[in-house]
Amino acid sequence: MRPRGVQLAAGVLCALVLGGVVGCGGGGEGGLKSAGVAPTAVGPVRLWPDLPPATDPPIDYGESDTERVPGIKVSDNDVRSVDAVAVVEAEVRAHPDTYSGGDGLYEETARAIRACGTAPAACPVMRPYYRDLTGNGRDELIVGIRMPDQQVGVRVYLAENGGLTRIMSTVDQVISVELAGRDLIMRVSSAGIPGYEYRTAWSWDEQQHSMLPTRDEIVRVKPGGSGPSTAPAPRLVSPTPTPTPTPAPAPTDAPALPDVPVDGVTPPNATVPLPVPARPSP
């Protein structure tokens with residue numbers, strides 16, 4: 001008997017030599033079979049190879065901007081110990097007149113946030129969510145802020161060194177926000193192309209120490225039309241818990257099996273049938 005490695009090498013050699021032949025080793029059942037002609041590989045072609053590289057960086061949209069939240073202490077770096085409304089209120093106090101960028105809020109939204117303590121029903125800060133998005137073994141804090149025109153601000157905070165660092169902030173007309181693994185996926189309405197939506201996956205980037213839009217796509221969701229697109233109310237989707245299987249109930253009307261002696265020994269607590277006396281013949 002040859003070693004397993006020799007057999008594997010022989011099989012690979014047979015496949016390389018015979019290539020398109022139907023079988024190898026006598027063509028018996030279980031042998032190699034051709035998958036047909038493989039398409040020709042087409043490599044990338046660089047267009048305008050003489051085009052000089054850009055010397056000026058593009059416009060900074062602030063995707064990688066991070067900021068320490070002032071005045072917020074996090075015991076044991078546990079984001080569940082902080083109040084999401086208090087976190088957003090601290091940012092509003094630090095940037096009271098900022099209407100654009102990562103800290104930007106509508107004036108009416110900032111005013112409603114400052115009044116969350118006295119008018120909680122009108123507070124635009126939605127229920128917080130928690131998920132380990134950085135891979136550090138601890139949850140991050142995910143906050144949503146309702147804004148006018150069905151827009152939603154989404155912010156993510158990382159607990160470190162006893163405080164909070166905001167590692168993501170964006171505002172858009174959101175259809176939904178979903179968690180998939182360590183990615184935060186946003187579905188956003190497309191204003192210019194009815195029947196389509198943008199889907200952006202935000203992922204943690206260790207080098208930038210922030211969440212970045214690592215995957216961005218435009219997807220068709222319904223037949224195109226000439227009318228304006230209407231986006232449903234935004235919603236935050238929490239991860240679906242894995243259902244716990246429940247054992248199937250035992251059948252109630254099935255006849256019970258009798259205890260059968262094994263090797264002449266009757267099991268304990270077994271019901272032993274009594275012998276029936278023979279009826280005397282007349």
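Two strands pair if DSSP finds at least two bridges between them. The exercises below use this definition on a predicted model.

**Exercise 1. Set out the elements of the chain.**
How many helices and strands are there in the chain, and in what order do the elements run?

Solution.
- Step 1: the chain has 3 helices and 9 strands.
- Step 2: read from the N terminus, the order is α-β-α-α-β-β-β-β-β-β-β-β.
- Step 3: of the 282 residues in the chain, 28% are buried.
- Step 4: take the contacts between residues at least 6 apart in sequence; 46% of these join residues at least 24 apart.

**Exercise 2. Follow the strands from β5 to β8.**
For each pairing, find the sense, the number of bridges and the turn.

Solution.
- Step 1: β5 (163-180) and β6 (183-189) are antiparallel and share 6 bridges. One bridge sets Leu179 against Leu184 in β6. The two strands make a hairpin with 2 residues between them, and Gly181 in this turn has a positive phi of about 65 degrees.
- Step 2: β6 also runs antiparallel to β7, again with 6 bridges. Here Ile185 faces Ala201 in β7 as its opposite residue. The hairpin of β6 and β7 has 6 residues between the strands, with Gly195 in the turn at a positive phi of about 90 degrees.
- Step 3: β7 (196-205) and β8 (210-220) are joined in the antiparallel sense by 10 bridges. Arg199 has Glu217 in β8 as its bridge partner. Their hairpin leaves 4 residues between the strands, and His209 in the turn has a positive phi of about 55 degrees.
- Step 4: for β6, count the buried residues, taking buried as under 20% relative accessible area. The count is 5 of 7, so β6 is mostly covered.

**Exercise 3. Describe the second largest pocket.**
Which residues are the closest to the centre of the second largest pocket, and which strands supply the lining?

Solution.
- Step 1: the pocket holds about 200 Å³ of space. Its lining consists of 10 residues, and Thr170, Asp172, Thr200, Trp202 and Asp216 are the closest to the centre.
- Step 2: β5, β6, β7 and β8 each give at least two residues to this lining. The largest share, 3 residues, comes from β7.
- Step 3: sorted by type, the lining has 5 nonpolar, 2 polar and 3 charged residues.

**Exercise 4. Explain the setting of helix α2.**
Why is helix α2 (residues 84-94) described as largely enclosed by the rest of the structure?

Solution.
- Step 1: list the buried residues of α2. They are Ala84, Val85, Val87, Val88, Glu89, Ala90, Glu91 and Val92.
- Step 2: this makes 8 buried residues out of 11, so the helix is largely enclosed by the rest of the structure.
- Step 3: look for what covers these residues. The covering elements include α3 (107-114), β3 (140-146), β4 (151-160) and β5.

**Exercise 5. Find the disulfide.**
Which cysteines form a disulfide, and are they buried or exposed?

Solution.
- Step 1: the structure contains 1 disulfide.
- Step 2: the partners are Cys116 and Cys123, with their sulfur atoms 2.0 Å apart.
- Step 3: the angle about the S-S bond is 80 degrees, and the link of Cys116 and Cys123 is right-handed.
- Step 4: both Cys116 and Cys123 are buried.

Definitions and conventions: Residues are numbered from 1 along each chain as its sequence is written. This is a predicted model: local features need pLDDT of at least 70, side-chain atom pairs count only at pLDDT 80 or more; totals for chains, interfaces and linings use all residues. Side-chain values use heavy atoms; hydrogens and water are left out. On a 1 Å grid over the protein atoms alone, a cavity is a set of points where a 1.4 Å probe fits but cannot get out, and a pocket is an open set with protein on both sides within 12 Å along at least five of seven lines; lining residues have an atom within 4 Å of a point. Grid points are joined across faces, edges and corners, and a volume is the space filled by probe spheres set on the points. Ala, Val, Leu, Ile, Met, Phe, Trp, Tyr, Cys and Pro count as nonpolar, Asp, Glu, Lys and Arg as charged, and the others, Gly among them, as polar. Buried means under 20% relative accessible area, exposed over 50%, partly exposed in between (1.4 Å probe, protein chains only). Contact means heavy atoms within 4.5 Å. A disulfide is a pair of cysteine sulfur atoms within 2.5 Å.
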